[in-house]
Amino acid sequence: MSVAVPRGGRLVRSLDRPGAVALVLGTLGVGYRLALILLTVPGSNSDEATFGLVAMHIAEGRSFPVYLYGQHYMGTVESFLAAPLFVLFTPSWTLLRLPLIVLYALFLFLIHRLTRRLYSPWLATFTVGLLALGSERVIRDQITAVGGRPEIKPAVLALLLIALALGERRLRPRWWAFGLFGLLAGLCVWDDWLVLPYLIAAFGLLVVGCWRALLGWGGPLLLVGFLLGVAPLIVDNLTAPAGQDSISVLRQVSEGTTVVTTAGQRLHGAILVGLPLATGLCPPERCQPWQMWWGGLYPALLLVALVLAVVGLVRAVRSAGGPTAEPSAPKDAGPSGRTPGPSTAAVEPGSQAGRAATRIRYVGQLALLVGAALALAAYARSASAATAPLASARYLSILQISLPAVLWPLWLVARWAGRGAAGPAARLAGMLAATVLTLLTALVAGGTAQLVGEIGTIRAEERQARMLADTLRRADLTRVYGEYWTCNRLVFIAREQVVCAVVGDTLRPGQNRYRPYAAEVGAADRPAFVLAAGGPAEAELHRLLRRTGATATVQQVGQHRIYRPDRTVRPPE
């Protein structure tokens, strides 16, 4: 990333060209997301509002929940990060999302460092450039409080870098690194179990590189750190009522669907829909057939990269047979065996430490690939991959961690084909690989342009949401019934000056994540109804008013109608 250059009679560290370009691209990516955060783009919703309400309660000292309200498996790290800002300033969507842009910047920095160490400097730069872009689906997973995904990606990259540095013997002293590895792993387990495939891969890398230390003092330090990180989950599970611990709840969620799906349906949803959507190649509402090619290519690239890593590891192990044997050249090296990156700069290539560093880097490549394969397989096993791939593809956003590993085969072919000694077949393959990389970049950029084009529409919808909250406050309608996607969003915008109880399409109680709100509305005199205009809940309210003989004044605000009955009207239980 940096090189020592003479300046004024002394050596000064300076960014090399790939590092400088990556810095520019990363800065543009962060600036793009900062502008979106200031504009509340992507649009807010009640799921994100629940994280905001948790942050408000933490800031006020009212509650310190381990899990998101209404769930027992999603940690509240994002709420705890936003809470200090809510102490200092008035709670808002911008403040709720602001810590996440720091996590995104850290993610870019760490993936750049890891890609340089495992592959090549220019692939690291290309990866940063690709991740600086972002469609609505990608951006939502990065800078909105969606739970888990914005923070576990930089955490996993940090785990991999720590394990890699320990395996290469580049960390002195090492005791704190084992403790930090355990702490980060424990925090990830508490925060979001979606990270488990990558935790397995990161731990495997640590074991391969440091198994002797783990059998000694490293193992206890790792365990202590892990227990500290996962402590909130342990305490909650020990005190939770029967059936409400995180393991039981996750089992219920995974087994809750009664829809029968075939393996073909799940694979289609996971690979041909989920992968392009999570990569940002298609809009959130639908993946067109011509946008699904990346899903078909992804497993093939994963397999090729896996073979390359295994072959490289085998050669590196064999080269360690003699004390003077040279390690196999990294896969980005040319015929001369020279590598364009700094991946062997820390040690002498022919030394024992150099050969060990080469081996552990191939194991690091395998860790990225195994993590991606396990994460994809876990998603493809779920029924939601078949029944709701557009909504559930967010679970594949973690695959961004393995993006450089999947691009590596294409990168290699494109580079090799550009060398003077390449034959016609190699040049043709290189042109195809370069075309794929260009097309991938163009489609991701197209998704970015589409989101930019929708900013006006999203902003208008956000203004309507604020107008709805303001209208209710001015009318002193502080206790209302509403649908799920209205309630907590309304409560957060109004900063709890308006309290909302969730009802479903039949006006029966819905998913009230924070039960005290439902109790307050249930005890109020003449609560109002705030329902989507033309929806099934509104039609049910008309029938309820006729049955009770009540009348109501109606006011429309944007896409919602406010009903104010002339007497107390309660939804059915």
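**Exercise 1. A pair within helix H6**

Task: In this predicted model, work out how Arg 140 and Glu 136 are placed in helix H6 and how their side chains meet.

Solution:
- Step 1. Begin with the helix: H6 covers residues 136-143, and it holds both Arg 140 and Glu 136.
- Step 2. Look at the spacing. The two residues are 4 apart, which is about one turn of the helix.
- Step 3. Now turn to the side chains. Arg 140 and Glu 136 meet in a salt bridge, with an N to O distance of 2.8 Å.
- Step 4. Finish with the surroundings: Arg 140 is buried, and Glu 136 is buried too.

**Exercise 2. Another salt bridge in H6**

Task: Find how far apart Arg 137 and Asp 141 are in helix H6, and decide whether Asp 141 is buried or exposed.

Solution:
- Step 1. Arg 137 and Asp 141 are 4 residues apart in helix H6, so about one helical turn separates them.
- Step 2. Their closest N and O atoms are 3.1 Å apart, and the two residues form a salt bridge. A cut-off of 4 Å applies to such a pair of atoms.
- Step 3. Arg 137 has a relative accessible area of 10% and is buried.
- Step 4. Asp 141 has a relative accessibility of 2%, so it counts as buried. The limit for this label is under 20%.

**Exercise 3. A link between distant parts of the chain**

Task: Say which parts of the chain Arg 361 and Glu 168 link, and which residues share their salt-bridge network.

Solution:
- Step 1. Arg 361 and Glu 168 form a salt bridge whose closest N and O atoms lie 3.0 Å apart.
- Step 2. This pair links distant parts of the chain: Arg 361 belongs to helix H14, while Glu 168 sits in the loop between helix H7 (149-167) and helix H8 (175-191), and the two positions lie 193 residues apart in sequence terms.
- Step 3. Shared partners extend the picture, as salt bridges join Arg 117, Glu 168, Arg 170 and Arg 361 into one network.
- Step 4. Both Arg 361 and Glu 168 are buried; for Arg 361 the relative accessibility is 6%.
- Step 5. For the wider setting, the structure holds 18 salt bridges.

**Exercise 4. A buried arginine without a salt bridge**

Task: For Arg 33, identify the nearest side chain of opposite charge, then find a side chain that makes a polar contact with Arg 33.

Solution:
- Step 1. Locate the residue: Arg 33 is in helix H1, residues 17-38.
- Step 2. Check for a charged partner. Arg 33 is buried yet has no salt bridge, and Asp 141, the nearest side chain of opposite charge, is 11 Å away.
- Step 3. Turn to polar contacts: the side chains of Arg 33 and Tyr 104 are joined by one of 3.1 Å.
- Step 4. Add the backbone. A polar atom of the Arg 33 side chain lies 3.0 Å from the backbone oxygen of Gly 29.

**Exercise 5. The disulfides**

Task: State how many disulfides the structure holds, which pattern they follow, and why the disulfide of Cys 487 and Cys 500 is left-handed.

Solution:
- Step 1. The structure holds 2 disulfides.
- Step 2. One of them joins Cys 282 to Cys 287, with an S to S distance of 1.9 Å. Cys 282 and Cys 287 are both buried.
- Step 3. Cys 487 and Cys 500 form a disulfide as well, with their sulfur atoms 2.0 Å apart.
- Step 4. The torsion about the S-S bond of Cys 487 and Cys 500 is about -50 degrees, so this disulfide is left-handed.
- Step 5. Cys 487 lies in helix H20 (residues 484-493) and Cys 500 in strand E4 (residues 499-502), so the pair ties together parts 13 residues apart in sequence.
- Step 6. Cys 487 is buried at 0% relative accessibility, and Cys 500 is buried at 2%.
- Step 7. Counting bonded cysteines along the chain, the disulfides follow the pattern 1-2, 3-4.

**Exercise 6. A nonpolar surface patch**

Task: Which helix supplies the largest share of the nonpolar patch, and how accessible is Leu 306?

Solution:
- Step 1. The patch has an area of about 670 Å², and its members include Ile 200, Leu 306, Val 310 and Leu 374.
- Step 2. Helix H13 (293-319) and helix H14 (352-380) each supply at least two residues.
- Step 3. H13 gives the largest share, 6 residues.
- Step 4. Leu 306 is in helix H13. Its relative accessible area is 31%, so Leu 306 is partly exposed.

How values were computed:
Residues numbered from 1 in each chain as written. Predicted model: local features only at pLDDT ≥ 70, side-chain atom pairs only at ≥ 80, totals over all residues. Heavy atoms only, no water. Patch = residues over 30% accessible without salt bridge, like charges linked within 9 Å, V, L, I, M, F, W, Y side chains within 5 Å. Areas by Shrake-Rupley, 256 points an atom, 1.4 Å probe, with all protein chains shown as cover. Buried < 20%, exposed > 50% of the residue type's maximum accessible area, 1.4 Å probe, protein only. Disulfide = S-S within 2.5 Å. Lys, Arg positive; Asp, Glu negative; His and termini not counted. Polar contact = N/O pair within 3.5 Å; in protein donor to acceptor, adjacent residues only side chain to side chain.
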